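Open the model in your viewer and keep the selection panel at hand. We will go stop by stop.

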Amino acid sequence: MATVNWRTINIDLLDPESPANFSTATLVPAVTPVSAAEVQSLSSQIKQLLRGGDSEGALRGALENPPYGGDASAK
């Protein structure tokens, strides 16, 4: 009889609904890339709105234009 250390078996790989069998490529949103200059521009607009006391406008601007898909320098 073969001895198998049952503690080393990854049972998550046997479950089809396990996160181990989930493709992480589907988690990336399909958005256009954003450059670091665009992120800085949006940031300065939001800061200007906050300095002016328009917190609602700053929040609206930040939520309407999320900087998704940025490269390493934009993050």
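Select Leu50 and show its contacts. Beyond its neighbours up to four places away in sequence, Leu50 touches Ser55 and Ala58. The model is a predicted one, so side-chain atom pairs count only at pLDDT 80 or more. Leu50 lies in helix H1. Is Leu50 buried or exposed, or in between? Leu50 is partly exposed, because its relative accessible area is 49% and the partly exposed class runs between 20% and 50%.

Next, select Ala58. Ala58 sits in helix H2, which covers residues 55–64. Now colour by accessibility. Ala58 counts as buried, because its relative accessibility is 3%, and the buried class is under 20%. Which residues does Ala58 touch, leaving out those up to four places away in sequence? They are Ile46, Leu49 and Leu50. You have just come from Leu50, which lies in helix H1. The pair Leu50 and Ala58 therefore links a residue that is partly exposed to one that is buried.

Move to Leu49. Leu49 also belongs to helix H1. Its relative accessible area is 32%, so Leu49 is partly exposed. Show its contacts, leaving aside neighbours within four places in sequence. Leu49 is in contact with Asp54, Gly57 and Ala58. Ala58 is thus touched by Leu49 and has Ile46 and Leu50 among its contacts as well.

Keep Leu49 selected and add Val28. Draw a C-alpha to C-alpha distance. The two residues are 21 residues apart in sequence and 30 Å apart in space.

Now go to the segment before H1 and select Ser23. Ser23 is partly exposed, with a relative accessible area of 42%. Draw a line from Ser23 back to Leu50. Their C-alpha atoms are separated by 40 Å, and the residues are 27 apart along the chain.

Stay in the segment before helix H1 (36–51) and select Ser18. Is Ser18 buried or exposed? Ser18 is buried, because its relative accessible area is 5%. Which backbone oxygen lies 3.2 Å from a polar atom of the side chain of Ser18? The backbone oxygen of Asp12 does. Now draw the C-alpha to C-alpha distance from Ser18 to Ala58. They are 40 residues apart in sequence and 40 Å apart in space. Both ends of that line are buried: Ser18 at 5% and Ala58 at 3%.

Zoom out to the whole protein. Show the cartoon: there are two helices and zero strands. Turn the C-alpha trace along its principal axes. The trace spans about 75 × 25 × 20 Å. How does the radius of gyration fit with that view? The protein has 23 Å, whereas a compact globule of 75 residues would have a value near 11 Å.

Switch to the surface. The protein exposes about 6,600 Å², and carbon and sulfur atoms supply 58% of that area. Buried residues make up 13% of the 75 residues. Ser18 is one of the buried residues, and Ala58 is another.

Colour by charge. There are 5 positive and 8 negative side chains. The centres of the two sets lie 10 Å apart.

Last, map the contacts with a separation of 6 or more. Residues 24 or more positions apart account for 53% of them.

Methods: Residues are numbered from 1 along each chain as its sequence is written. This is a predicted model: local features need pLDDT of at least 70, side-chain atom pairs count only at pLDDT 80 or more; totals for chains, interfaces and linings use all residues. Side-chain values use heavy atoms; hydrogens and water are left out. Helices (H or I, at least four residues) and strands (E, at least two) are DSSP runs, numbered from the N terminus. The radius of gyration is taken over C-alpha atoms; the globule rule is 2.2 Å times the number of residues to the power 0.38. Buried means under 20% relative accessible area, exposed over 50%, partly exposed in between (1.4 Å probe, protein chains only). Contact means heavy atoms within 4.5 Å. Accessible areas come from the Shrake-Rupley method with a 1.4 Å probe; for residues, only the protein chains shown count as cover. Lys and Arg count as positive and Asp and Glu as negative; His and the chain ends are not counted. The place of a charge is taken as NZ of Lys, CZ of Arg, CG of Asp or CD of Glu. A polar contact is a pair of N or O atoms within 3.5 Å; within protein, one must be able to donate a hydrogen and the other to accept it, and residues adjacent in sequence count only if both atoms are side-chain atoms.
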